[in-house]
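Got your viewer open? Let's walk through this one together, one selection at a time.

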Amino acid sequence: MRTAKGGAIGMLLALAAQAVFAQATLPTVHTGPWQYGVPPAGWTFSGLGGPDYLPDYDGINDGAAKLDGTGDFIEIAFNEPASQLSFWIRGLTFAGGIFTVEESTNGVAWTALQTYADPPTNAAFQVLTPSPAARFVRFIYTSRGTGNVGIDGITLLKEDFVQPVISGATYGGTNSISVLETVLGRTYVLEYTRGLDAVPALWTPVDSDAGTGGGLVLQDLSPTNAARFYRVRDATP
Ligand SMILES: [Ca+2]
Ligand SMILES: [Ca+2]
């Protein structure tokens, strides 16, 4: 009995280790090929039709994915908060169906980020914002009427925080938050929350600016007399 139990536990541990291993580290990107492509670590392709669509939508000329049946999906499991999910989508003679981009914290219960009852007939670039708690996103042909859906150029970005140095804090005036190092071409956003107890905390953007290659000062022009917690986020589109 002991041995059997140990064996079962050993197998569970092995499965858990495998599940942890199969998570994408952000950022993660896939442009193609799809039907016979090798999914990156943490990605699952299920039911993709073929051949891949050409010309593709991301311009890399490595095909766009063909989702051609109810339940076909592309899923990404990842191990840290994501800031942005971008992709190309196209409906091909699509009618009477539902296509959904969803997120999940556990891979079991899913919430729609965007529902398409009429996906664009010309390939369109889309940007969605997963919640910080999400660890899964998927593109799923929820129910097929007629036609297919093409998906291409999927990018999932990491939520990047930088270390702000607060140089000044005044009540009823301006709170200035200095960031010591910024990168040219990137965008930084100053956000505040009045409490860290809520899960997730509610962050409100108050300023944003482009990186300078050096320091950057972001300002909250109208702080109140209540306490505010600040963070600076790399929100480069
Ligand atoms: Ca492509
Ligand atoms: Ca299929």
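Leaving aside neighbours within four places in sequence, which residues is F73 in contact with? Select F73 and have a look around before reading on. This is a predicted model, and your starting point, F73, sits in strand β5. Its partners beyond those sequence neighbours are S46, G47, R138, F139 and I140. Now pick G47 as well: G47 and F73 are 26 residues apart in sequence, yet 6.7 Å separates them in space, C-alpha to C-alpha. Is F73 buried, exposed or partly exposed? F73 counts as partly exposed, because 18 C-beta neighbours lie inside 10 Å.

**The whole chain**

Zoom out and switch to a cartoon view. The protein chain has one helix and 18 strands. Of its 237 residues, 28% are buried. If you look at contacts with a separation of 6 or more, 72% of them link residues 24 or more positions apart.

Next, colour by confidence. The mean pLDDT of the protein chain is 86, with 86% of the residues at 70 or more. Then select residues 1–7, where pLDDT is below 50 and the model has zero contacts beyond near neighbours in sequence. Residues 16–20 deserve a click too: pLDDT stays under 50 there, and the model shows zero contacts for them beyond four places in sequence.

**Into the core**

Time to go inside. How many residues does the largest nonpolar core have? The count is 33, and I151 and L156 are the ones with the most contacts inside this core. To see which strands feed it, highlight β3 (48–53), β4 (64–67), β5 (73–77), β6 (82–95), β7 (98–104), β10 (136–143) and β11 (146–158); each supplies at least two residues. The largest share, six residues, comes from β6.

Now centre on L156. Setting aside its neighbours within four places in sequence, L156 is in contact with L26, P27, T28, I76, F78, A82, L85 and V137. Apart from the largest core lies another one, of seven residues, including Y188, L190, L216 and L218. Select those four to find this other core.

**Two cis bonds**

Go back to P27, one of the contacts of L156. P27 is placed in the loop between α1 (2–21) and β1 (28–30). Show the backbone here: the peptide bond from L26 to P27 is cis, with omega near 0°. Then move along to P33, in the loop between β1 and β2 (43–46). The bond leading from G32 to P33 is also a cis peptide bond, with omega near -10°. Why stop at these spots? They are worth a stop because most peptide bonds are trans.

**Two positive phi angles**

Two more selections to go. N61 is in the loop between β3 and β4, and its phi is near 65°, a positive value in a residue other than glycine. N61 counts as exposed, because 10 C-beta neighbours lie inside 10 Å.

Finish at T93, which is found in strand β6. Phi of T93 is near 45°, again positive in a residue other than glycine. Buried or exposed, which is T93? T93 counts as exposed, since its C-beta neighbours inside 10 Å number 8. For background, most residues other than glycine have a negative phi.

Key. Residues numbered from 1 in each chain as written. Chains lettered and ligands numbered in written order. Predicted model: local features only at pLDDT ≥ 70, side-chain atom pairs only at ≥ 80, totals over all residues. pLDDT = per-residue confidence, 0-100. Contact = placed C-beta atoms within 7 Å. Core = buried A, V, L, I, M, F, W, Y, C linked by C-beta atoms within 7 Å. Buried ≥ 20, exposed ≤ 12 C-beta atoms within 10 Å, placed from the backbone. Helix = DSSP H or I, 4+ residues; strand = E, 2+ residues; numbered from the N terminus.
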